[in-house]
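Subject: Handover of a structure for your study

Dear colleague,

Please find below the structure that I am handing over to you. I would be grateful if you would look through it alongside the notes that follow.

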Amino acid sequence: MHIPGRAMTLLTLALLLVLGACAGDEATEQATTETGNTGDTGDTGVDEPDEEPADDGGVMSEGNADTDGPEAQELLVVATIAPLADVVDRVLGDRGTVETLIPANVDSHSYEPRPRDVEPLADADVFFGNGLGLNQSAVNLAEANLAENAPLVLLGEESLSYEDLRDDGHSHDDDGHSHGHTHDDGNDHTHEGDDGHVNPHVWTSVALIEQYVPAVADTLSELDPDGARDYADRAEAYTAELGELDAAITEAVESIPEGNRRLIVYHDAWSYFGQDYGIEVVAAVQPSDFSAPSAAEIRGIIDQIRQEDVPALFGSAEFPTDVVEAIGDETGAEYVGDLADDILPGEPGDPEHSYIGMMAVNVTLIVEALGGDASPLESLPG
């Protein structure tokens with residue numbers, strides 16, 4: 001007998017309460033530990049934390065504000081990270097709500113699921129992730145808790161070919177899984193570089209995000225055929241806005257003196273951006289395993305900055321650290337500490353709180369620090 005995800009969650013909670021009443025704190029603790037097992041045979045794939053976080057943003061809603069009317073809330077969509085949630089939301093419009101699984105204040109690369117994150121998945125009509133090995137723990141959670149008929153769509157693997165991707169040189173998997181993922185169609189959508197890994201941060205390329213949009217529209221249309229025309233129209237309009245973003249970035253980058261078109265970043269999320277717009281990503285400070293760089297690695301980057309006369313280096317909002325600032329102090333290169341590869345600027349509801357807004361802010365920081373003119377980005381839509 002199949003029990004839907006939400007019913008299973010409620011049943012589990014009820015059993016825990018009964019066990020606690022009958023056997024005291026020791027039995028309750030044991031039952032909680034058993035249901036929190038994250039192994040392949042666990043029911044939810046969620047570790048019980050020692051203490052629930054104090055924030056109220058366990059699942060941040062990124063849904064379209066215009067959800068009034070008889071067709072509102074038709075679909076509940078869950079996406080892994082904020083940039084993808086915004087892309088989906090622009091296509092979904094007022095025919096449902098998008099919720100972001102990984103909260104805005106949590107590092108998406110090392111995200112560990114919490115019990116509260118199961119609830120939206122149990123009710124979701126569809127789950128969208130990036131795939132390519134990114135946020136594997138979130139994908140595992142979705143696989144364990146989505147309703148049987150709710151599709152799990154990994155946009156990077158559904159929309160892109162190996163030729164679109166760059167070899168990463170390291171894995172972003174949380175648990176060492178390969179980047180292949182088998183879907184309901186029976187095909188193994190595997191993207192592997194020479195060492196078996198690709199860089200998953202494809203959304204820093206506007207052109208690759210444009211390739212995500214049709215896959216989103218097609219998935220939503222299959223779930224909600226009555227809205228197919230709406231999804232197609234919104235996808236077309238959004239693709240036009242992405243084209244404007246791409247043109248503005250191109251114009252702004254072209255204003256950077258050619259000798260300055262080099263990036264040193266903390267986290268290797270900008271390779272696709274550099275490839276698209278002719279900016280060489282010289283180095284990433286953070287090692288591939290997300291540990292702190294060694295003294296030898298830092299010295300090598302300092303020498304490289306001096307040899308190549310790199311004018312600026314860029315830290316990451318997702319990985320706050322004093323290391324890059326110290327390198328800037330040592331070399332005299334300008335330090336820009338807040339590039340964001342998956343954090344949207346502003347607050348939900350603000351015009352700039354969007355994928356386009358995130359890219360506009362990031363590129364403005366890059367262009368101005370490298371000596372260019374970022375004014376083409378000022379008139380972009382949110």
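Among contacts in the chain between residues at least 6 apart in sequence, 68% join residues that are at least 24 apart. Please bear in mind that this is a predicted model. The chain has 382 residues, and 49% of them count as buried. The exposed area of the chain comes to about 17100 Å², and carbon and sulfur atoms supply 46% of that area. As for secondary structure, the chain contains 11 helices and 11 strands.

Helix H2 and the residue after it

Helix H2 runs over residues 82-92 and is mostly covered, with 10 of its 11 residues buried. Among the buried residues of H2 are Ala82, Pro83, Leu84 and Ala85. The buried residues of H2 also include two with acidic side chains, Asp86 and Asp89. Just after H2 comes Gly93, which takes a positive phi of about 60 degrees.

Salt bridges

Side chains of opposite charge can pair when their charged atoms come close. How many salt bridges does a search of the whole structure find? The search finds nine. Three of these pairs are described below.

The first to describe is the pair of Glu74 and Arg95, whose side chains meet in a salt bridge at 3.1 Å, N to O. This pair links distant parts of the chain, as the two residues are 21 residues apart. Glu74 lies in the loop between strand E1 (60-61) and strand E2 (75-79), whereas Arg95 lies in the loop between H2 and strand E3 (96-100). Is Arg95 buried or exposed? Arg95 counts as buried because its relative accessible area is 2%, under the 20% limit for a buried residue. Glu74 has a relative accessibility of 34% and therefore counts as partly exposed.

A second pair is Arg229 and Asp233, with the closest N and O atoms 3.0 Å apart. Both residues lie in helix H7 (residues 228-254). They are four residues apart, which is about one turn of the helix. Arg229 counts as exposed because its relative accessibility is 54%, while Asp233, at 38%, counts as partly exposed.

A further pair is Arg262 and Glu308, where the closest N and O atoms are 3.7 Å apart. This pair also links distant parts of the chain: Arg262 belongs to strand E8 (residues 262-265) and Glu308 to helix H9 (residues 295-308), 46 residues apart. Arg262 has a relative accessibility of 12%, so Arg262 counts as buried. Glu308, at 30% relative accessibility, counts as partly exposed.

Which residues are joined into one network by salt bridges that share partners? They are Glu74, Arg95, Asp224 and Asp230.

A charged patch on the surface

Glu251, Glu254, Glu368, Asp373 and Glu378 form a negative surface patch. One of these residues, Asp373, is found in the segment after helix H11 (355-369). Asp373 counts as partly exposed because its relative accessibility is 42%, which falls between the 20% and 50% limits.

Yours sincerely,
A colleague

Notes. Residues numbered from 1 in each chain as written. Predicted model: local features only at pLDDT ≥ 70, side-chain atom pairs only at ≥ 80, totals over all residues. Heavy atoms only, no water. Patch = residues over 30% accessible without salt bridge, like charges linked within 9 Å, V, L, I, M, F, W, Y side chains within 5 Å. Areas by Shrake-Rupley, 256 points an atom, 1.4 Å probe, with all protein chains shown as cover. Salt bridge = Lys/Arg side-chain N within 4 Å of Asp/Glu carboxyl O. Charge placed at Lys NZ, Arg CZ, Asp CG, Glu CD. Buried < 20%, exposed > 50% of the residue type's maximum accessible area, 1.4 Å probe, protein only. Contact = heavy atoms within 4.5 Å.
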